[in-house]
Amino acid sequence: MQQAFLRSLGLLASLFLVQASHAQVAVPDEQGTFVLHKFARAIGEERYAIHRDAGQLTLTSDFKFTDRGTAVPLKTVYQAKDDAHPLSLKTDGKSSRFSELHDEFTLNATQQQIGLKRGDEHKTFAANEHTFLMDGYSPVAMQQMLMRFWLAKGKPARIDAPPGEPIHVTPTTDLQVNVAGRSTTLHGYEVTGLAWGSETLWMDDDGKLIALVTRDAEEDHFEAVRQSYEPALGAFIQRAANDSLASLARLGANARRPPAKRLAITHVTLIDGTGAPPRRDATVLVDDGVIARILPDQKQTPASLTGYSVLDGSGKFLIPGLWDMHAHYEQVEWGPVYLASGVTTVRDCGNEFDFITSVRDALDLGHGIGPRILIAGLVDSTGPKTLGAVTADTPAEAIAVVQRYKQVGARQIKIYSSMKPELVPVIAAEAHRLGMTVTGHVPFGMTAPEVVKAGYDSINHIDFVTRGFIDVAPDKPLPPLDLSNAKATDELALYKQHHTVFDDTIALYEIWMHPGTTPLSSLEPGVTHLPPSLATALDAPGVPPERAARASEYYKDMFTVLRELHRQGLQIVAGTDQAIPGYSLHRELEIYVQAGFTPMEALQAATSVPARFMGLDKELGTITVGKRADMVLLDGDPLADIHNTRKVDKTIAGGAVYEPAPLWQTVGFTP
């Protein structure tokens with residue numbers, strides 16, 4: 001009895017202390033929660049609070065998501081006199097799986113100076129009336145404070161945020177959102193300078209940020225939506241895509257020649273992509289975006305060109321429009337990049353459903369700037385490393401996903417790494433029934449030969465194929481690669497039997513695995529043309545010395561496998577998986593020639609071979625009469641030197657002529 005009484009007293013005392021403690025905690029003036037998404041899949045949240053006391057504003061943010069099994073936490077404290085006068089910013093954590101943030105900023109308005117402490121480094125930068133404190137795209141609450149700063153300062157044309165790029169805010173269109181039976185008008189804005197390209201965000205009438213559509217520090221799709229507006233996520237993604245395309249079309253208007261109903265490309269050396277020898281001094285006539293005639297020069301007369309807009313190809317070489325067979329078209333800025341690089345068709349190998357369908361449809365209607373997009377619809381199973389919002393965990397769900405992609409015009413299904421092995425043949429069977437093909441990663445627990453037997457038509461990434469030949473165990477010595485033994489012979493025979501197509505992305509592995517002692521620019525000079533925000537993310541430092549030997553050995557193994565696949569006559573299609581935007585496709589072709597392809601075979605891997613694999617060879621892939629006028633005019637002969645595919649003079653997409661330099665400049669690249 002006495003012990004029970006004492007326990008009761010203890011509980012009362014504890015309750016009193018808890019209540020007293022709560023009474024001492026100041027209630028924030030504002031607080032909120034954002035749901036964080038990657039590829040439209042909810043992966044975490046951010047909680048923020050704002051306190052105003054004694055003439056000072058303090059924002060605290062706890063931002064955290066989990067990306068494919070890796071936690072990405074970020075704690076932030078921001079202080080200011082008010083919305084218009086920042087004082088300090090401290091970030092501690094990560095902005096992506098591979099991006100650490102441990103920064104302390106202070107702004108001294110009197111001295112017009114920003115101090116930045118980053119690790120052991122101390123730097124100072126000049127400040128002015130329109131200087132704000134930002135540390136990239138995250139946390140979302142700081143983007144809200146940025147917008148309030150912009151409004152409080154009278155909407156200046158430019159905001160400085162050293163050491164980052166200048167920030168520009170442009171109003172776009174209002175968006176009417178219906179959530180829980182209530183209609184709200186939100187105000188849209190385009191923001192540039194925090195990541196490569198533009199972000200889109202929406203504010204309400206009270207100055208609260210409602211939704212943000214951007215990319216994270218890995219350049220992957222990222223969205224944040226205030227919790228109560230979560231059901232409207234798809235509407236935000238679609239509107240952001242369409243607003244950004246319209247904005248980009250206005251910016252890039254000078255990159256496209258006025259469209260001509262009839263176009264003649266004269267005095268050109270024609271490399272038609274069929275494998276036929278080049279034709280010197282030829283003329284290609286285009287009517288309504290379709291190749292109408294191909295004339296030898298001696299048959300060309302002034303009368304034959306009457307009514308045509310003439311493009312003089314003297315001294316130049318005309319090849320079919322290039323294909324990137326492993327794209328992730330994650331923002332509209334990829335459109336000008338692809339066209340400037342000579343790429344007129346891309347296969348998107350995994351994206352957000354609402355985003356990629358909106359962008360593809362807009363481009364098909366002639367809105368915006370970009371290549372033709374073919375969709376390989378991404379599907380995964382739920383698990384700790386799931387990617388994307390489209391998942392299947394049962395046969396019924398798997399069939400429904402395939403049917404959903406078919407309804408929106410996807411040509412393929414792409415299976416991702418967490419897919420349940422038992423669902424692979426279910427997906428493949430339904431895709432094949434509907435006239436679609438199947439590509440993808442090799443799911444956990446399966447091998448490359450097993451996915452081919454289960455119904456894959458194609459395999460992404462040379463890494464997965466190489467693993468089929470050798471056991472690549474983490475932190476273990478690599479076993480020798482032997483492509484002549486019985487196991488390898490059987491696997492190669494299997495691939496031949498099934499006509500498996502390989503999308504190797506070897507240029508990406510070259511970037512990932514190059515030694516730290518080798519500047520990336522010596523392998524891929526395109527990296528020196530990137531805008532600063534993208535260069536910071538993509539100019540990889542290389543593999544450290546303690547891992548360089550193993551990485552080099554494994555890259556050589558992948559290169560050897562690529563060479564053997566080609567020697568065996570298996571089909572290989574060129575793709576980049578992003579890598580260095582625009583430039584890495586050319587690097588793919590250069591590596592192919594190193595691996596034993598002829599320059600013509602390398603070109604065909606990015607033209608006729610992918611067109612045939614995607615079932616579009618009757619309308620694309622070669623320069624022949626009756627096909628769509630997708631072509632690239634080069635300043636050098638690619639058959640003499642494959643590096644000359646980089647010398648793009650003009651890109652012709654559906655008969656429209658584009659100038660590369662203004663396209664590059666539209667998205668911040670240096671031509």
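Me: In this predicted model, how many of the eleven residues of helix 15 are buried?
Reply: Helix 15 is mostly covered. The buried residues are Ser584, Leu585, His586, Arg587, Glu588, Leu589, Glu590, Ile591 and Tyr592. Out of eleven residues in helix 15, the number buried is nine.

Me: Which residue with a positive phi follows helix 15?
Reply: Most residues other than glycine have a negative phi. The residue after helix 15 is a glycine, and its phi is near 110 degrees. That residue is Gly596.

Me: Is helix 11 largely enclosed by the rest of the structure or largely open, and how many of its residues are buried?
Reply: Helix 11 runs over residues 506-513. Its buried residues are Ile506, Ala507, Leu508, Tyr509, Glu510, Ile511 and Met513. Helix 11 is therefore largely enclosed, and the count of buried residues among its eight is seven.

Me: Which helices are included in what covers the buried residues of helix 11?
Reply: The residues to be covered run from Ile506 to Met513 and include Tyr509 and Glu510. Their cover includes helix 12 (520-523) and helix 15 (584-594). Also included are helix 9 and helix 14.

Me: At what angle do the axes of helix 9 and helix 14 cross?
Reply: Helix 9 spans residues 462-469 and helix 14 spans residues 545-567, and their axes come within 9 Å. An angle of 65 to 115 degrees counts as roughly perpendicular, which is how helix 9 lies to helix 14. The crossing angle is roughly 90 degrees.

Me: How many nonpolar residues are in the contact of helix 9 with helix 14?
Reply: Helix 9 brings Ile462, Asp463, Val465, Thr466, Arg467 and Phe469. Helix 14 meets them with Tyr554, Asp557, Met558, Val561, Leu562 and Leu565. By class, one residue is polar and three are charged, and the nonpolar ones number eight.

Me: Which residues touch the most other members of the largest nonpolar core, and which helix gives the most to this core?
Reply: The largest nonpolar core has 134 residues, and Phe236 and Ile459 touch the most other members. Nine residues of this core come from one helix, the one that gives the most. That helix is helix 14.

Me: How many residues are in the second, separate core?
Reply: Among the members of this second core are Leu74 and Leu101. Leu107 and Leu209 are also included. Its residues number 45.

Me: What is the handedness of the crossing of helix 6 and helix 7?
Reply: The axes of helix 6 (residues 395-407) and helix 7 (residues 424-433) come within 9 Å and cross at roughly 35 degrees. Pro395, Ala398, Ile399, Val402 and Gln403 of helix 6 make the contact with Val426, Ile427, Glu430, Ala431 and Arg433 of helix 7. By class, these residues are seven nonpolar, one polar and two charged. The crossing is right-handed.

Me: Which residue is joined to Pro139 by a cis peptide bond?
Reply: Most peptide bonds are trans. The bond to Pro139 has an omega of about -5 degrees, and Pro139 is in the loop between strand 8 (121-126) and helix 2 (140-152). Its partner in the cis bond is Ser138.

Me: What is the omega of the cis bond from Pro162 to Pro163?
Reply: Pro163 is in the loop between helix 2 and strand 9 (168-171). The peptide bond that leads to Pro163 from Pro162 is cis. Omega is near 5 degrees.

Me: Where is Met325, and is it buried or exposed?
Reply: Met325 belongs to strand 20 (residues 322-327). Its contacts beyond four places in sequence include Arg347, Asp503, Phe613 and Met614. Buried means under 20% relative accessible area. Met325 has 0%, so it is buried.

Me: How far apart in space are the C-alpha atoms of Met325 and Met614?
Reply: The two residues are 289 residues apart in sequence. Met614 is nevertheless among the contacts of Met325. The C-alpha to C-alpha distance is 9.8 Å.

Me: What is the relative accessibility of Phe613 in helix 17?
Reply: Phe613 lies in helix 17 (residues 608-613). Leaving aside neighbours within four places in sequence, Phe613 is in contact with Met325, Arg347, Gln412, Asp457, Ser458 and Val501. Phe613 counts as buried because its relative accessibility is 17%.

How values were computed
Residues are numbered from 1 along each chain as its sequence is written. This is a predicted model: local features need pLDDT of at least 70, side-chain atom pairs count only at pLDDT 80 or more; totals for chains, interfaces and linings use all residues. Side-chain values use heavy atoms; hydrogens and water are left out. Axes are lines fitted to C-alpha atoms, for helices over the stretch in contact, and angles run from 0 to 180 degrees between N-to-C directions. Helices (H or I, at least four residues) and strands (E, at least two) are DSSP runs, numbered from the N terminus. Angles under 35 degrees count as roughly parallel, over 145 as roughly antiparallel, 65 to 115 as roughly perpendicular and the rest as oblique. Contact means heavy atoms within 4.5 Å. Ala, Val, Leu, Ile, Met, Phe, Trp, Tyr, Cys and Pro count as nonpolar, Asp, Glu, Lys and Arg as charged, and the others, Gly among them, as polar. A nonpolar core is a set of buried Ala, Val, Leu, Ile, Met, Phe, Trp, Tyr and Cys residues joined through side-chain atoms within 4.5 Å. Buried means under 20% relative accessible area, exposed over 50%, partly exposed in between (1.4 Å probe, protein chains only). A crossing is left-handed if the near helix is turned anticlockwise from the far one by less than a right angle, and right-handed if clockwise.
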